[in-house]
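Here's a set of short exercises to work through with the model open beside you. Try each task before you read its solution.

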Amino acid sequence: MKYAIISDIHGNLEALGAALAEIRRISPDKVLCLGDLVGYGASPGECIEMARQAVRVTVAGNHDHGAAGLADIRYFNSYARHAVMWTAAQLSREHLAYLAALPLVHVEGARFRLVHATPSDPGQWNYIFTREQARAEFEAFDEQVCFVGHSHQAGIFEMMEDGTVGPAGDHTKVLQGRRYMINVGSIGQPRDGDPRGCICIYDEATGEVAMVRVAYDVAGAQKRIIGAGLPPILAHRLSYGE
Ligand code: ZN
């Protein structure tokens with residue numbers, strides 16, 4: 001089974017359209033999404049519709065739950081809070097109900113886990129940046145592999161046979177006896193210095209994991225954000241992938 005796993009679309013229709021075109025070309029068996037369909041970008045409803053068509057399973061992100069009134073947005077920074085409130089006002093009742101109903105965790109056939117933030121406490125929206133944080137999170141799930149998003153920084157932590165944990169770059173092979181925590185980056189607002197959207201392709205038959213970067217119409221997405229009256233920084237950062 002070949003999977004495409006995406007995350008953090010953030011209402012960026014131009015980026016999602018380009019990513020889905022690339023996914024159609026790669027032609028995986030299933031597309032999975034780690035949440036944050038909305039927030040920051042100017043096309044939340046369109047992104048929910050487009051993702052719903054293409055994605056088999058989506059777990060909830062903090063912006064999805066924030067827009068649906070389920071996450072405490074006092075802890076969001078001011079731009080994110082502004083964007084979440086704007087997003088909630090744009091969405092139909094049906095779209096808000098869809099976001100509210102997204103699960104926090106999905107386990108795919110007992111083989112791997114999907115969660116937006118952390119496996120240890122998926123509704124707390126913590127980040128995994130360091131190998132110490134990663135080591136602690138490996139204790140919190142039983143499957144060999146867990147896919148995460150939330151930081152918008154693609155990367156892989158690998159736990160070796162002796163329990164040591166380290167980074168594995170962004171191409172690797174899932175090997176027997178080892179475990180993996182794979183951050184699939186972001187479609188709509190990358191923050192790892194590469195402004196292109198990121199898709200993770202996981203081929204279970206070969207164990208290959210690869211991050212595929214997809215260029216998109218950044219200027220078009222920026223124009224919509226400015227036109228919607230959202231904070232201009234949300235448009236500018238897309239140019240730099242920050
Ligand atoms: Zn996000």
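## Exercise 1: Placing A140

A140 sits in the loop that runs between helix 6 (131-138) and strand 6 (145-148); helices (H or I, at least four residues) and strands (E, at least two) are DSSP runs, numbered from the N terminus. A quick word on ground rules: residues are numbered from 1 along each chain as its sequence is written, and this is a predicted model, where local features need pLDDT of at least 70, side-chain atom pairs count only at pLDDT 80 or more, and totals for chains, interfaces and linings use all residues. Side-chain values use heavy atoms, with hydrogens and water left out.

**Task.** Work out whether A140 is buried, partly exposed or exposed, and which residues it is in contact with, leaving aside neighbours within four places in sequence.

**Solution.**
- Step 1: get the cut-offs. Buried means under 20% relative accessible area, exposed over 50%, and partly exposed in between (1.4 Å probe, protein chains only).
- Step 2: apply them. A140 has a relative accessible area of 28%, so it is partly exposed.
- Step 3: look for contacts, meaning heavy atoms within 4.5 Å. Leaving aside neighbours within four places in sequence, A140 is in contact with P119 and S120.
- Step 4: try a longer view. A140 and D203 are 63 residues apart along the chain, and their C-alpha atoms are separated by 24 Å.

## Exercise 2: Three more residues to sort

**Task.** Decide where T58, I73 and A89 lie and sort each one as buried or exposed.

**Solution.**
- Step 1: T58 belongs to strand 3 (residues 57-58). Its relative accessible area is 8%, so T58 is buried. Not counting residues up to four places away in sequence, T58 touches C33, G35, L37, Y98, L102 and P103.
- Step 2: I73 is in the loop between helix 3 (62-67) and helix 4. I73 counts as buried because its relative accessibility is 18%. Beyond its neighbours within four places in sequence, I73 contacts G66, R81, V84 and M85.
- Step 3: A89 is part of helix 4 (residues 78-90). With 63% relative accessibility, A89 counts as exposed.

## Exercise 3: Unusual phi values

**Task.** Find what is notable about the phi of Y40 and of W125, and say where each residue lies.

**Solution.**
- Step 1: recall the background. Most residues other than glycine have a negative phi.
- Step 2: check Y40. Its phi is near 80 degrees, a positive value in a residue other than glycine. Y40 lies in the loop between strand 2 (30-33) and helix 2 (44-54), and it is buried at 8% relative accessible area.
- Step 3: check W125. Here phi is near 60 degrees, again positive in a residue other than glycine. W125 is in the loop between strand 5 (112-115) and helix 6, and it is buried too, at 15% relative accessible area.

## Exercise 4: How helix 7 packs

**Task.** Describe how helix 7 and helix 8 pack, and name the residues that meet.

**Solution.**
- Step 1: pick the descriptors. Two packed helices are described by the angle between their axes and the distance between the axes.
- Step 2: read them off. Helix 7 and helix 8 pack at an angle of about 170 degrees, and their axes are 8 Å apart. Axes are lines fitted to C-alpha atoms, for helices over the stretch in contact, and angles run from 0 to 180 degrees between N-to-C directions.
- Step 3: name the arrangement. The two helices are therefore roughly antiparallel (angles under 35 degrees count as roughly parallel, over 145 as roughly antiparallel, 65 to 115 as roughly perpendicular and the rest as oblique).
- Step 4: list the partners. V218, A221, Q222, I225 and I226 of helix 7 meet L234, A235, H236, L238 and S239 of helix 8.
- Step 5: look at burial. In helix 7 (residues 218-227), the buried residues are V218, G220, A221, Q222 and I225. Their cover includes helix 1 (13-26) and helix 8 (233-240).
- Step 6: see what comes next. G229 follows helix 7 and has a positive phi, near 80 degrees.
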